[in-house]
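Please work through the exercises below with the sequence and the coordinates open beside you. Each task is followed by a solution that proceeds step by step.

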Amino acid sequence: MTWPLLSTVVFLPLLGAIVLLALPRRREALMWGWTLGVMLVTFAVSVVLYAAFDSSLPSMQFSEQAAWIGGLGITYHVGIDGISLPLFVLTTLLSPVALLSAWQSIPTKAKEFAVLMLVLETSMLGAFVALDLFLFFIFWEAMLIPMYLMIGMWGGENRLYATVKFILYTMAGSALMLVAILALHILNLQQGGGRSFDLFDFFALDLSLQQQKLLFMAFFLSFAIKVPLFPFHTWLPDAHTEAPTAGSVILAGVLLKMGGYGFIRFCLPLFPAAATAFAPLISVLAVIGILYGALVAMVQPDIKRLVAYSSVSHLGLVMLGIFAGNLAGLQGGILQMVNHGLTTGALFLLVGMIYDRRHTRLIADYGGLWRQMPIFAVFFLVVMFASIGLPGLNGFVGEFLILLGAFEFNRGFAVLAALGMILSAVYMLWMYQRVMYGEVTHEANRGLRDLSAREITLLAPLVLLMFWIGIYPSTFLRPTDAASAHLLEQVRSRAVLAAPVSAALTPRPFPAGEGAVDHAGGQTP
Amino acid sequence: MLDSAWLVPLCPLAGAVLNGLFAHRYRHETVGQIAIAAVGLSFLFSLTATIALATRSEPLHQVTYFTWIASGAYSASVGLLIDGLSCTMMLVVSGVGLLVHIYSTAYMHDDEDQGRYFTYLNLFVGAMLILVMADNYLLMFVGWEGVGLCSYLLIGFWYTRQSASDAGKKAFVVNRVGDVGFVLAVLLLFVTFQSVDFLDVQHQLEGIKSSDAGGNGPAGPTVLTAIALLLFMGAVGKSAQVPLHVWLPDAMEGPTPVSALIHAATMVTAGVYMMARSALLYDLAPIALDVVAVVGVLTALFAASMALVATDIKRVLAYSTVSQLGFMVFALGVGAYAAAIFHLVTHAFFKALLFLGAGSVIHALGGEQDMRRMGGLRQALPTTHWTMATATLAIAGIFPFAGFWSKDEILASAMKADGVGWLGWIAASVAAFMTAFYMFRLLYMTFYGDSRVEPDVAAHVHEAPGAMRAPLMLLALLSALGGVVLGFPPEHGMLHRWLEPVFEAAAHPHAFSSLDILLMVVSLAVAAAGWRLAYRFYVREPHLPEQWQARWQSTYDLLVNTWYVDELYARVLVRPIYRLSNNGLWRVFDIGFIDRIVNGIGRIVRLDGEFLSTLQTGYARTYALTLVVGAIVVFWGLAG
């Protein structure tokens with residue numbers, strides 16, 4: 001039997017957390033060191049996995065399957081393909097970065113914090129590789145609890161409200177998703193498939209358009225909230241603003257990606273006809289989100305809130321790519337999720353760094369920081385332009401592919417989405433101007449110390465990756481080729497099967513020629 | 001030699017990295033030397049590449065390095081295209097760039113932030129070279145945005161000044177408006193031609209042109225017109241055409257050598273270069289071409305009108321740049337692609353010279369930029385005076401200086417073009433008249449008449465050091481002789497023959513005729529008239545300007561307030577969008593509407609009390625409630 005490499009990566013952090021519980025609370029340096037060590041080893045093993053991954057195969061790799069709860073047909077089934085791989089490695093990268101950011105800014109209950117970070121990492125990794133829906137659900141829920149606690153225990157003044165809002169939103173979504181998973185299980189039973197929660201068993205289900213739409217919507221709420229897709233986004237600014245830096249980094253960097261990933265992994269292939277039918281509607285929400293998020297970001301007085309709303313805008317673009325139903329859009333969407341993780345993760349780190357020094361997030365409390373903290377200012381500049389989508393940096397590659405996909409799907413959407421290019425420059429540059437340029441207007445900002453070696457170490461790998469993806473994105477795009485094409489083929493063939501049913505039941509919101517169904521990856525009718 | 005063309009953009013980029021990371025460890029002078037060496041090497045490599053190209057039979061050389069962005073059938077690579085057009089641009093960019101770098105070592109000598117300055121400046125040259133050497137539209141966009149970034153950084157170089165950081169931001173944002181057009185054009189090119197490679201697209205366009213089908217198919221005339229107009233939108237932003245011209249005058253907040261290099265000689269001409277690169281596309285989209293011509297000539301007129309009354313020496317030059325760019329765009333619009341590039345080159349010489357000269361004046365006067373506090377500086381600044389006078393003769397179009405040849409060629413091409421050509425010729429001639437007037441006005445107000453310099457400043461007036469004078473003199477030489485060397489005989493000069501293979505498919509060559517001689521005489525007369533009027537207003541009868549201002553007060557106000565375009569944008573766009581976002585979207589919709597619903601639901605399930613108990617009850621109650629309701633809905637739906 002070969003070594004279960006995938007499970008090793010997933011459960012290493014959990015194992016580390018268990019050991020950590022045994023460590024004495026007083027040995028703080030040891031605790032941090034141990035946690036960081038575990039996370040770095042996890043990252044290293046995931047890089048080995050990335051290297052061993054065969055990009056030419058569209059199928060799941062490193063699969064492991066074992067019976068778990070036999071009576072209900074629940075199995076431990078995990079595997080990774082080109083779609084989950086980039087997000088998987090992003091998670092192992094951002095986790096140690098987030099941890100390191102908390103090194104000096106988490107004054108109380110450091111042990112609990114470290115344990116939660118490790119548990120969070122395992123559950124996020126598990127969610128990205130689970131191929132049994134019940135297993136997925138367990139990881140999905142397990143991921144939320146550390147996040148609630150993190151915001152609730154180490155958050156800002158308004159953390160209670162933020163936590164409650166986060167609970168309301170995510171629980172509502174999760175519950176519906178659980179219902180849908182159970183429904184799939186029962187349908188599988190009815191159609192003679194036996195007891196199973198396995199994704200691949202569900203692929204074989206014969207679902208009418210009506211059924212697909214209903215189940216799609218049950219999943220939709222959960223994922224749309226997580227993305228967050230307009231108008232399900234209002235939990236995000238509060239959660240981000242109140243969360244400690246490490247929480248914001250993980251939230252923006254990885255948790256939000258669960259939404260997009262969920263749509264790609266589950267909604268598209270399980271309910272292809274519904275996904276196709278809903279694509280125009282979701283695209284409209286995505287486009288509104290792009291513009292709305294950017295406009296609201298522009299007027300925020302709080303830097304973290306500004307970045308949070310910018311996420312609404314950027315992830316709207318990701319959604320537009322995913323539902324464009326073609327290769328460019330899908331690959332752009334996957335890459336852009338990684339990009340957003342790096343860029344917004346770095347932005348939250350940067351905001352956290354000045355928050356640690358000044359304990360304020362208000363733009364108006366800053367000004368003239370360039371002269372005080374030039375290294376900080378330069379890092380901020382690079383990350384900001386990555387976020388704006390300057391070619392040569394990572395954001396542009398994803399943005400362009402998504403626009404290309406969207407353009408093929410529906411030109412009007414692409415044109416509107418492209419307007420986001422202007423707005424992102426407006427809100428970012430204006431914020432940067434007010435924080436960095438000008439004379440120092442607040443005495444408290446005089447003599448702020450520039451970045452420490454630890455802080456530079458945190459940012460450097462992220463910035464390096466921004467340049468890497470911007471200049472040579474093939475390293476990150478090629479692994480997604482085969483799996484993305486395969487997925488689109490899967491969606492297309494099954495959407496076509498279901499098409500007569502759909503035609504009989506409901507009128508299409510858009511005429512077919514408008515691009516309602518174009519999952520061919522470029523083969524326009 | 002041609003295969004190592006990548007060294008051309010890489011040298012300045014390497015210089016930027018060196019200075020960017022380690023400038024604080026070097027001595028003051030070393031920073032400038034590294035930057036100069038980087039651009040100097042780049043110029044040498046450009047020169048050898050040009051010679052290598054000139055001595056072979058193939059008129060172009062394409063070299064591809066690696067695939068950049070690819071998905072399915074779409075693929076764009078990182079590769080360079082070396083032909084007559086790119087070589088011309090490479091030489092201008094690295095050549096003028098080198099002179100500006102040398103000049104800067106003296107001009108910025110006392111600035112403590114030289115490391116940052118030369119990092120940005122090297123970065124700019126690198127990005128600009130990528131822009132002009134890229135072999136496809138997408139890679140060109142890297143340079144396109146790269147120079148925009150450097151422009152933003154350099155305009156806002158003195159960032160403690162609010163006006164400087166405002167101007168930098170404005171430049172970037174306004175350019176982004178145009179960039180949306182550029183990106184959409186690239187998308188449309190991609191889906192239409194399955195390629196963004198210049199040669200590939202050109203090849204397919206040649207097929208369309210020769211088959212003369214043009215009717216159906218993916219690349220019908222509508223699509224081609226759309227692509228051409230969208231690309232033009234990009235050029236309108238970058239080359240500061242109406243109505244996106246507003247950023248360029250404000251860009252004068254940057255250090256003056258920056259204005260010379262970026263906002264006069266090179267970056268702002270990127271739009272012109274890009275359209276010339278797409279000449280065949282425009283040739284197949286005649287409607288777009290007409291739009292281009294109209295916008296160009298309107299810009300030329302409009303900007304010149306503002307230059308008539310401006311008193312800030314740099315602003316006069318900025319309006320003049322906008323106006324001259326209008327001339328170039330107009331040339332493209334009448335299908336005179338080679339003439340546009342010719343004017344681009346001569347303009348790079350004389351306008352860089354004018355800005356550097358203005359910098360020398362400003363330097364001498366300790367930062368004074370208002371021409372009302374200048375005058376009579378001829379004796380104190382002899383080199384600056386004669387070099388700037390040369391540039392003025394060149395831009396005004398006086399025989400035989402450089403601008404005469406290139407501007408005359410544009411005017412003549414307009415006259416000979418079909419359609420609205422002669423109307424355009426009249427309008428462009430009016431703009432040329434204004435050009436001669438405001439340029440001699442600048443020269444007279446600065447160097448002639450009585451000194452109006454503040455007494456405490458006057459005591460310290462001094463001619464610029466050698467590092468500043470040498471670039472001035474070199475550029476003066478080029479401004480004097482550049483036109484006749486590159487462009488004689490008209491339409492068949494050295495530059496035209498060199499560019500011929502590039503524009504072969506799109507060109508409409510004319511034979512030199514007696515009409516040309518006549519037009520030359522007329523345009524010379526127009527320029528002389530402008531000069532004479534300026535002489536009368538500012539030397540012979542210096543009371544006249546005030547009289548005229550009083551008589552035409554409302555017109556004067558309109559011009560001096562730059563037609564209130566900025567105010568219009570603020571009132572119609574900026575403020576309404578801000579109010580909509582702040583009051584409407586955020587406070588009313590986000591907080592007032594969506595959140596109220598969420599909070600209402602929260603109240604229903606009663607989430608209150610201590611944090612942990614909230615978590616537990618909240619968790620359980622929300623969960624249970626949604627689960628039950630959800631289950632009922634879903635299963636009822638599935639059953640039904």
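The exercises that follow concern a predicted model, and they go from whole chains to helix pairs, a single residue and the contact between chains.

**Exercise 1. Describe the overall build of chain A and judge how compact chain A is for its length.**

Step 1. Begin with the secondary structure: chain A has 19 helices and two strands.
Step 2. Compare the radius of gyration with the globule rule: the value for chain A is 22 Å, close to the 24 Å that the rule gives for 525 residues, so chain A is as compact as a globular protein of that length.
Step 3. Add the extent and the burial: the C-alpha trace of chain A spans about 70 × 55 × 40 Å along its principal axes, and 64% of the 525 residues count as buried.
Step 4. Finish with the contacts in chain A between residues at least 6 apart in sequence, of which 81% join residues at least 24 apart.

**Exercise 2. Carry out the corresponding analysis for chain B.**

Step 1. Chain B has 26 helices and two strands.
Step 2. The radius of gyration of chain B is 28 Å, close to the 26 Å given by the globule rule for 640 residues, so chain B is as compact as a globular protein of that length.
Step 3. Along its principal axes the C-alpha trace of chain B spans about 90 × 70 × 55 Å, and 56% of its 640 residues count as buried.
Step 4. Among the contacts in chain B between residues at least 6 apart in sequence, 80% join residues at least 24 apart.

**Exercise 3. Determine how helix H3 and helix H10 of chain A are oriented and which residues bring them together.**

Step 1. Helix H3 (residues 84-101) and helix H10 (residues 245-270) of chain A pack at an angle of about 165°, and their axes are 8 Å apart.
Step 2. An angle over 145 degrees counts as roughly antiparallel, which means that H3(A) is roughly antiparallel to H10(A).
Step 3. The crossing of H3(A) past H10(A) is left-handed.
Step 4. On the H3(A) side the contact residues include A:Leu87, A:Leu90 and A:Leu94, while those on the H10(A) side include A:Val249, A:Ile250 and A:Lys257.
Step 5. By class, the residues of this contact between H3(A) and H10(A) are eleven nonpolar, five polar and one charged.

**Exercise 4. Analyse the packing of helix H16 against helix H18 in chain B.**

Step 1. Helix H16 (residues 382-396) and helix H18 (residues 421-447) of chain B pack at an angle of about 170°, with their axes 9 Å apart.
Step 2. H16(B) and H18(B) are therefore roughly antiparallel to each other.
Step 3. Among the contact residues are B:His385, B:Met388 and B:Ala389 of H16(B), together with B:Met439, B:Phe440 and B:Leu443 of H18(B).
Step 4. The residues of the contact of H16(B) with H18(B) divide into nine nonpolar, three polar and no charged.

**Exercise 5. Decide whether B:Phe503 is buried or exposed, and find its partners in contact.**

Step 1. B:Phe503 is found in helix H21 (residues 494-503) of chain B.
Step 2. A residue is buried if 20 or more other C-beta atoms lie within 10 Å of its own; B:Phe503 has 23 and is therefore buried.
Step 3. Leaving aside neighbours within four places in sequence, B:Phe503 is in contact with B:Ala279, B:Tyr337 and B:Ala338.
Step 4. The C-alpha atoms of B:Phe503 and B:Ala279 are separated by 6.8 Å, although these residues are 224 residues apart along the chain.

**Exercise 6. Characterise the side of chain B that touches chain A.**

Step 1. The contact takes 56 residues from chain B and 59 residues from chain A.
Step 2. The elements of chain B that each supply at least two residues include strand S1 (60-71), helix H5 (137-155) and helix H26 (611-639), and H26(B) gives the most, with 15 residues.
Step 3. By class, this side of chain B has 33 nonpolar, 17 polar and six charged residues.

Key
Residues are numbered from 1 along each chain as its sequence is written. Chains are lettered from A and ligands numbered from 1 in the order in which they are written. This is a predicted model: local features need pLDDT of at least 70, side-chain atom pairs count only at pLDDT 80 or more; totals for chains, interfaces and linings use all residues. Axes are lines fitted to C-alpha atoms, for helices over the stretch in contact, and angles run from 0 to 180 degrees between N-to-C directions. Helices (H or I, at least four residues) and strands (E, at least two) are DSSP runs, numbered from the N terminus. Angles under 35 degrees count as roughly parallel, over 145 as roughly antiparallel, 65 to 115 as roughly perpendicular and the rest as oblique. A crossing is left-handed if the near helix is turned anticlockwise from the far one by less than a right angle, and right-handed if clockwise. Two residues are in contact if their C-beta atoms, placed from the backbone, lie within 7 Å. Ala, Val, Leu, Ile, Met, Phe, Trp, Tyr, Cys and Pro count as nonpolar, Asp, Glu, Lys and Arg as charged, and the others, Gly among them, as polar. The radius of gyration is taken over C-alpha atoms; the globule rule is 2.2 Å times the number of residues to the power 0.38. A residue is buried if 20 or more other C-beta atoms lie within 10 Å of its own, exposed if 12 or fewer, and partly exposed in between; C-beta atoms are placed from the backbone.
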